[in-house]
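Student: I'm new to this structure and would like a close look at one part of it. Could you pick the helical chain apart for me, and then show me how it sits beside its partner?

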Amino acid sequence: MITTARRARLAVFCIFAALLTLPVMLRAEPEVDMIFNTRQAAVGQEVALTIRISGAQGNIQAPHIPVPDGLESFYTGRSSNLSFVNGVSTASVEFSYVLVGRRPGSFTLPAFEVQAGGINLKTEPVTFEVTGQGLGTAAAPRAPAQPQAGPLAPASAVQEPPATFRPEDDNIYVVAAVDKTTVYPNEQIKLTYSLYTRYDTRYEGFSEEPEMSGFWIEEFPLDKEIRRDTVRVHGKPYVRAEIRQIALFPTAPADYTIKPGTLKASIRQEPQQSQSVFDEFFNDSFFSGGGFFSRRENRLLKPAEVQIKVIPFPEEGKPANFNGAVGTFRMTAVTDKDQVKQNEPVTLKIQIEGEGNIETLKKPGVPEMKNFKIYESDSSTDLAKNGFVIGGKKTFEVVFIPLEAGEQFIPKLSFSYFDPRTRQYQTLFTPGFKLSVAESKEASVLPKGLVSPEDLKKEIAKEGQDIHYIAERPESSAARAAAGNAARVLWLLNGLVLLALAAGFLRQRQAQVFAKDGALKRRKYARANAVTKLSLLKKMSRSDDSKEAARFFEELDKALTLYLSDKFNLSAFSATRHSLEKEIEAVLGREHELYRDVLKVYVLCEEARFGRGAASAEHRHEALAIFKKTVDVFEKILK
Amino acid sequence: MKINQSRAFVRPPAVLRMTVFAIFSAAAALLFCGQAGAALSAADQSLFQEANRLYRGDKYEQAAQGYQKLAEAYPEESVFQFNLGNAQFRLKHSGAAILAYEKARMLSPRSRDIRANLNFALSQLEYRVEDKRSWYVRAGEDWLGRVTETEVLILALLAGFLFLGSWTLALWLRAGRPWGVPRKTLLIFFMVSVAIFAAKRIETRMIRDAIVMTKQAEVRFGPSEGDRVAFRLGEGLKVYVIDRRQDWSRIVLVNGDEGWIQNSKIAEVLA
């Protein structure tokens, strides 16, 4: 049976275990970010690139950036950060690089893989522009260049602080010193951080990483036991420890100022006199060394800036194929076979080995050969740190595919470098290779890992931007005139259509009124009908034909009757002469001249119709005049 | 048998047919025989060639003077403004260059050369103003910036003619019938096109674009030297004039900031 005390202990253990595992559970997935300080730079201008890997565990190697042709990259250091916020721990490592464009254009850094704690992380392709308005090939460092009186003297063997350097506390300070202050581009400089202390001191790393813009950087690993010795400076004994060593390779001639960053150390307050007080010096373990419960003080130590002058390569004797390699090197080359078939690939492996900045070595140039198709294959670097000298070997592979049978030759390839010790250029050659090529109809097959020729083709790069050129011919005015005319025409059309629309509305309104009042419609249209008939009758009145004369009076009778019946709203079919006479009499009176005239017209019409007398031309004219007069009078009276 | 009255076609009256024919004949005559744009005189033609020659010889100052004269004589010609912009750009007068490009863009809003040079000149400016306007305002301005006022007017007039014409024909030939889908569609088209025209009109006449012409210009809280400085603008930046006094203009930026600037420090695009 579990006792209460045991149960309580178990519960406390569970809570502890949960608290300990919680941060692990909450830890974010590893991810990689690429951060540029700018996406556009001039030729020769530096672009700072930071690759931040966060959430990864274990040792992370500096990623190798596959830079396109025309761009150079330089690794400038790393920094680590660990934060613990709201129970979530975030560890991140930042690798800093400098990219320098050597020609204008748009460059795309392709996606590449970064190994972090056994996980392969992939970056996104990133594009940035290098413009033509540049600084030339001699890029100025980002750090502010400070005027120098001349090349600085080599640093002294005993690394005392420079005369101008005044530490806040002369019992503890850091000196950043270089082994050379005047160098050639790509020549190694060793930067050493030495901590001088008279306190009981614990070194806690860099709180601010150094700024070494303009340098390709390689760190030397620290020994398990940091080297330390005792020195006397200005008569005082100090413990001196070399806490960091970095190899620097300047990228271009200029005067550089290295800002060495800030170091963090914790000390016990009182300067110690005895040698034994340095026992826990550089003990990284927080719990060991007995320092945990003692009262300590944190110090930020800022070394003095370091000036370096990088002078250009001598022009005298510079080989045409010199590509910036500096150091001492050896070169070997070997082919994987010397007897091949036509279209069968032969791989030439070139190895350059020695001391210097191996990473930046470039492949010896391969001339164009009409008998071969040539493909560049992989290159690999094996970096070595021998003491405090960076070296190693770099291997290049070039694939040759012979196109013709017979004896073929791969010529000697050359590689030039500058030896800073002798200040001379040296040129190395590979041996020439003779290939015996047998005839074959087989198609060429590229070795594995080699990309297809299509992928090797270079993309057209935009080399700069400028305004478009002036127009040398004025514009055609026809289009502009047509637009103006079209607008005018459309205005006119719209006006006319609006008028037609208004007329349509009036017509519709009138039709509605006439639909309600039929008599009004008849009265309104009586004159129009009479006028139409009048013009017809006029034509008929001119005829001499007796039949036509009879038809004239017949039509006149109809027209007059229709007009009067319309005006008096009588049915045209039932209107009689008598009813019309009564209506006229009611309007005009029996004594009115027109009353008598109308009756006369009717008499004439009857005479002509029933043949009691042929109506003469005078009668026709008179009858027509009376009809016209009737219309005029009644239009006025019955308005 | 029942006759579908609504579908029955009524032959238009002869008067109406003749009227329509007359209208279209007159319109066609006006369209093709109307007033053509002013062509370059021989003297101006040679002035243009001379300015081009000076430009080619890197004599941008003199070339700019020639283009300026031509631009004033032919205000509807975008080529002169474009070339003037190029000459001013070469002289590093970013304000004058952008002003000329903006003027050229108003005349030929879809010219790729003008747009490219304007964008390039803008990209070279030292200052930028963050555009905080809504996306639809930006999209609307961009769209309206691709058409001229005449083109939008033609669209509105055409839409009006189609709508009014269809209504008139319906009134004369099929009076009393309800509005069908085609006529409703034409009405919407007409209303939209009128709205576009109104927007373009407001954009060009009421909210007037202006360019800062001095290296640095102070924008104040009020229209006097005594008022406090609100912010400073750099040469070539575009502002919108929303009010104008004798010596001062009230301007607004695309980020919403407002203030008063001296008229001598800006130049309106549609002067």
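Tutor: Here is a walk through chain B, one helix at a time, followed by a visit to chain A. Keep in mind that this is a predicted model.

Let's start with the make-up of chain B. You'll find 9 helices and 7 strands in it. The chain runs to 271 residues, and 31% of them count as buried. If you take the contacts in chain B with a separation of 6 or more, 58% are between residues 24 or more positions apart.

Now zoom in on helix α3 of chain B, residues 60–73. Its 14 residues reach 20 Å from the first C-alpha to the last, close to the 20 Å expected at 1.5 Å a residue. Which residues of α3(B) are buried? They are B:Ala63, B:Ala64, B:Gly66, B:Tyr67, B:Leu70 and B:Ala71. Look down the axis of α3(B) and these buried residues fall within an arc of 160 degrees, so they line one face of the helix. And what covers them? The cover includes α2 (42–56) and α4 (78–90) of chain B.

Just before that helix, stop at B:Asp58, which sits in the loop between α2 and α3 of chain B. Most residues other than glycine have a negative phi. B:Asp58 isn't a glycine, yet its phi is positive, near 65 degrees. Is B:Asp58 buried or exposed? It has 9 other C-beta atoms within 10 Å, so it counts as exposed, given that the cut-off for exposed is 12 or fewer.

Next, go along to helix α9 of chain B, residues 181–206. With 26 residues at 1.5 Å each, α9(B) should span 38 Å, and its end C-alpha atoms are 36 Å apart, which agrees. The buried residues in α9(B) are B:Leu186, B:Phe190, B:Ser193, B:Phe197 and B:Lys200. Those residues pack against α7 (135–144) and α8 (149–173) of chain B.

So where does the partner come in? The contact between the two chains takes 42 residues from chain B and 32 residues from chain A. On the side of chain A that touches chain B, the residues divide into 20 nonpolar, 8 polar and 4 charged.

Chain A has 8 helices and 29 strands. It counts 639 residues, and buried ones make up 27% of them. Among its contacts with a separation of 6 or more, 75% come from residues 24 or more positions apart.

With those strands in mind, let's look at some pairings. Strands of a sheet pair through backbone hydrogen bonds, either parallel or antiparallel. One open sheet in chain A has 3 strands in the order β2-β9-β6, with mixed pairing. At its edges are β2 (40–42) and β6 (105–109) of chain A, each pairing on one side only. Neighbouring strands of this sheet are turned by 30 degrees against each other on average, direction ignored. β2(A) runs parallel to β9 (residues 126–131) of chain A, and 3 bridges join the two. You can spot A:Gln40 standing opposite A:Glu129 in β9(A).

Another open sheet of 3 strands follows the order β13-β18-β19 in chain A, and here the pairing is antiparallel. Its edge strands are β13 (201–208) and β19 (297–301) of chain A, each of which pairs on one side only. In this sheet, neighbouring strands are turned by 25 degrees against each other on average, direction ignored. β13(A) is joined to β18 (residues 262–267) of chain A by 5 bridges. To see one of the pairs, find A:Phe206, whose bridge partner in β18(A) is A:Leu263.

There's also a neat pattern in strand β7 of chain A, residues 113–116, where the side chains alternate. A:Val114 and A:Ala116 point to one face and are buried, while A:Glu113 and A:Gln115 point to the other and are not. β7(A) pairs in the antiparallel sense with strand β8 (residues 119–122) of chain A over 4 bridges. There, A:Val114 stands opposite A:Leu121 in β8(A).

One last stop is A:Asn186, in the loop between β11 (182–183) and β12 (189–197) of chain A. A:Asn186 isn't a glycine, but it has a positive phi of about 70 degrees. With 24 C-beta neighbours inside 10 Å, A:Asn186 counts as buried, whereas B:Asp58 is exposed.

Definitions and conventions. Residues numbered from 1 in each chain as written. Chains lettered and ligands numbered in written order. Predicted model: local features only at pLDDT ≥ 70, side-chain atom pairs only at ≥ 80, totals over all residues. Pairing = 2+ DSSP bridges. Axes fitted to C-alpha atoms, helices over the stretch in contact; angles between N-to-C directions. Buried ≥ 20, exposed ≤ 12 C-beta atoms within 10 Å, placed from the backbone. Contact = placed C-beta atoms within 7 Å. Nonpolar A, V, L, I, M, F, W, Y, C, P; charged D, E, K, R; others polar. Expected span 1.5 Å × (residues − 1). Arc of directions from axis to C-beta.
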